[in-house]
Structure formats: C-alpha cells, structure tokens
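User: Let us work through this entry by question and answer, taking one topic at a time. Please explain each term where it first comes up.

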Amino acid sequence: MEKHAQIDARAATELLTRCARAQVRDLPAYNAGLSSELVRQRYGAQQVSRLASNENPFGASPKVAQALTAMLTNVGLYPDANCLALRAAIASRTGAQAQEIVVGNGSENLLELLCLSFLSPGDPVLTLLPSFGLHEIYPRMMGADVHMLPVSSALEFDVDAWCAALSQKAAPKMVILSNPSNPVGCMLDVGAFRRLVRAAPLETLLVIDEAYYEYALHSPGFPDALTELRAQPRPWMVLRTFSKAWGLAGLRVGYGIASHACLVQMLDRVRTPFNVNMAAQMAALAAWSDPDHMAASVRATVVQRDLMGAQLRALGLTVAPSATNFLFLDLHRPNGPVAEALLWRGIIIKPWKEAGYETFIRVSVGTEADNQRFVNALADILRQQALH
Ligand SMILES: Cc1ncc(COP(=O)(O)O)c(C=O)c1O
C-alpha cells in the first residue's frame, strides 16, 4: 500500500501559521458557547437550561413547521438566490423598497459581507466595548483598525465619548453599533441616537445592528432608526434578525435595510450566491406572516426579564438596564468559577471574557422555570462561595 508522507502536527501548525494572512494569525475565534449535548456529557446534567445565546424559548410560529413540511418535496432544487418573496414581504412591512433589502445567512453573514465589501487594512472602525464579538472580529479579519468605546460606569452608552470620537479628524470608515447593545442591553434613546448620527461624518458607513429590535420596541424612547436615518444624506444599513424574537436561530436568517440599493448590490458581489437556504427562506416567510405569535413571545419575555432583573438586584448584584431578551450583570467576583458551578447544575450562561468585564455574566431570559432555576442556583452558589 502506498505510504503517505506524514507531516507532524507541530510542523503543520508552523507551516500554516506562516502561510495564513497576517490578520488571520492573531484573530480570536468567535466564542459560540457550549452546546447542550456537551454540557450533558461533560457535566452529567440531566436537565439543561440554555441561557447563553439569547434564543427565544417560546419558539417559532406553528406556521413555520407547516411551511417546512410543505417544502420537503422541493429540496432537490436550488433556493431563490435573491430571496425575492422574503424581500418583498419585509419591504411591505418596513416601508423599504425590496431593492434596498439584503438577506443573509443570519445577520452575522451581513456583518461579514459589509466588512468584505468596505474594509481594507488600516481603515478605522468604531464600535462599542464590551461588544458583540463579530463587531470586532470581522473588521479585524480585514485588517481594519478597530477602536472600541467603553460603556459608562452606569453601563450606558457614553454618548459624549461617541460624539467626540466621531468628530476626530480621521473619519471612521465604518461605525458598527448594536442598539440595544449586546452584551450590555443598554439602549440609545431617540435623542442620543440623533446626537450620535449627527456627529458622524457623512462619509462614514453607519451600521446599526438591531438584533433585539422587537424587544426594544417595549422600551420607551427607542428610536425609529429607519425614519431617523432616512432623514440623513449618508450611507447606512440597519440589521435585524429572525434569530431572536421570531424564534428561528437554528435556520439562520437575518436582513439588512440599506440607505441605497447600490449598497445591497455591493454585498451581492461578495456573498455566496445561495447564501440563504430554502428552509430558511420558507421558515422566515411563514414566521413573518404570524406577527401575533412573535409579539406574544416578546411580551412574555419582557415581563420575565424585569422579574429576573429585580430578583438579581435583590441578591446585591449590579444589573445593567436592558431593552433586550438578556441581562448583563456584575457578580463582583471572577465570573469563571460561578459559570462553572452553574454548568455542574446544567445551566449555561455566558461569562464575559473581554478585559475589564471578567466579573460580568450575560444571561438570556428563558422560560419562567429556567429563569427561576438560574436565580436559585446563582443565589446558592454565591452563598456557598461566601462561606469558603
Ligand atoms: C448584536 C447582534 N448582532 C448580530 C447577531 C447575530 O444574529 P444572527 O443569528 O442573525 O446571525 C447577534 C446574535 O446574538 C447579536 O447579538
């Protein structure tokens, strides 16, 4: 039998590290957290509470299952490369033109396409600290110079610092801002949003990531970003997703609404032609046709979030104000051991790893039962730690 020449793992690592693009060599991989299966295996958990990925515990509309069943006979065909039906449906409810809408394999795909299309090595990009990982990783993948503006000590957007940074001589090529923010959950209200947008140079591409839009609509003062931005002569894109309020995280659909159709055309040049598969398109259309289901799950989540926030504050923890389906809280002690102790009880949360936030965790709002399990377990762990 032919013997293949072997290259050992260390030599392979050295070779591939040398060959990789310089920007990729130092790039952190996105921390997607632990799967339920892994937690069952590694921690022997019988029951797993998934509170790390801001999923919707109420799931998608029943119409989604019907649409997916009906689709099964067509899986031998390519999906619509242009998502025409879905873009038309989104256009009719958002007031955008279909040609100003782009659909992605999750909104993370659209963040990637924006960076691929617009960023070159050295381009300045402004984003928030702490951040949604991909707001930093994708620009860095392109070699952009990412500047991160910390939230204030009250865990709010530091609007003065943003306006000052936006008024610097070297205009940022792109601003990537989640409103409300992930992981903090804080929100720019309409006045702050207007100030920030007006401070941004006209040639800066504003990317406003509204992954938690449907939840934020329950927070008084949340800006109507589309109306605000349409009043501005500048390029922008607003990103939204079917992964959270619409309950479709597993199928990967996000959309962007752009200031100009030509911005969508730029992304079309760099995306894989069939970036949104058939199941994803059919499911998103079905979910979109049932806004009442989505609205009911969002209402229930907002009630649970406020209840959980009050319970956590009663434990003496600092909980950031949240306009989303998660809470960001300061445990006032290293988050690693607490997260590990929660895993032994089958509860997955996200211990934050960015420098300066190692005492914080982010916890998603789940079902009432999961939330209570989490609060009780956390109280117990903190009590035990205090005794040792
Ligand atoms: C702020 C923000 N943007 C984008 C995403 C990505 O969402 P999607 O599932 O649509 O890729 C997330 C997911 O957690 C998020 O929190």
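User: Which residue of strand 5 is the bridge partner of threonine 127?

Analyst: Threonine 127 has its bridge partner in strand 5, where strands are DSSP runs of E with at least two residues and helices are runs of H or I with at least four, both numbered from the N terminus. This is a predicted model, in which local features need pLDDT of at least 70 and side-chain atom pairs count only at pLDDT 80 or more, while totals for chains, interfaces and linings use all residues. Strand 3 (residues 124-129) pairs with strand 5 in the parallel sense over three bridges, and two strands are said to pair if DSSP finds at least two bridges between them. Within this pairing, the partner of threonine 127 is isoleucine 176.

User: How many residues of strand 5 are buried?

Analyst: Residues are numbered from 1 along each chain as its sequence is written, and strand 5 covers residues 174-178. A residue is buried if 20 or more other C-beta atoms lie within 10 Å of its own, exposed if 12 or fewer do, and partly exposed in between, with C-beta atoms placed from the backbone. Met174, Ile176 and Ser178 point one way from the strand and Val175 and Leu177 the other way, and all are buried. The count for this mostly covered strand is five of five.

User: Which residue of strand 6 stands opposite valine 175?

Analyst: Strand 5 pairs with strand 6 in the parallel sense, and five bridges connect the two. Strand 6 (residues 205-209) is in turn joined to strand 7 by four bridges, again running parallel. The residue of strand 6 opposite valine 175 is leucine 206.

User: Why is strand 7 described as largely enclosed?

Analyst: On one side of strand 7, Trp236, Val238 and Arg240 are buried, and on the other Met237, Leu239 and Thr241 are too, which leaves both faces covered. Five bridges join the strand to strand 8 (residues 254-258), and these two run antiparallel, with valine 238 having isoleucine 257 as its bridge partner. Strand 7 (residues 236-241) is largely enclosed by the rest of the structure because the number of its six residues that are buried is six.

User: Which residues have the most contacts inside the largest nonpolar core?

Analyst: A nonpolar core is a set of buried Ala, Val, Leu, Ile, Met, Phe, Trp, Tyr and Cys residues joined through C-beta atoms within 7 Å, and the largest one has 110 residues. Its largest share, eight residues, comes from helix 13 (residues 278-288). Domain 1 and domain 2 both contribute residues, so the core lies between them. Those with the most contacts inside the core are Val207, Ala283 and Ala287.

User: Which element supplies the largest share of the side of domain 1 that touches domain 2?

Analyst: The bounds, which come from an automatic or database domain assignment, give domain 1 as 31-54 + 292-387 and domain 2 as 62-290. Contact means that two residues have C-beta atoms, placed from the backbone, within 7 Å, and by this criterion 22 residues of domain 1 are in contact with 24 residues of domain 2. Helix 14 (291-314) and strand 10 (326-330) each supply at least two residues of that side of domain 1. The largest share, seven residues, comes from helix 14.

User: Which are the edge strands of the open sheet with the order 9-10-13-12?

Analyst: Four strands form this open sheet, and their pairing is antiparallel. The edge strands each pair on one side only, and they are strand 9 (318-319) and strand 12 (350-351).

User: At what angle does helix 14 run to strand 10?

Analyst: Strand 10 pairs with strand 13 (residues 360-364) in the antiparallel sense over five bridges, and leucine 327 stands opposite valine 363. Axes are lines fitted to C-alpha atoms, for helices over the stretch in contact, and angles run from 0 to 180 degrees between N-to-C directions. Helix 14 lies across strand 9 and strand 10, and its angle to strand 10 is about 10°.

User: Is alanine 369 buried or exposed?

Analyst: Alanine 369 is placed in helix 16 (residues 368-387), and its C-alpha is 45 Å from that of glutamine 232. Because 11 other C-beta atoms lie within 10 Å, alanine 369 is exposed.
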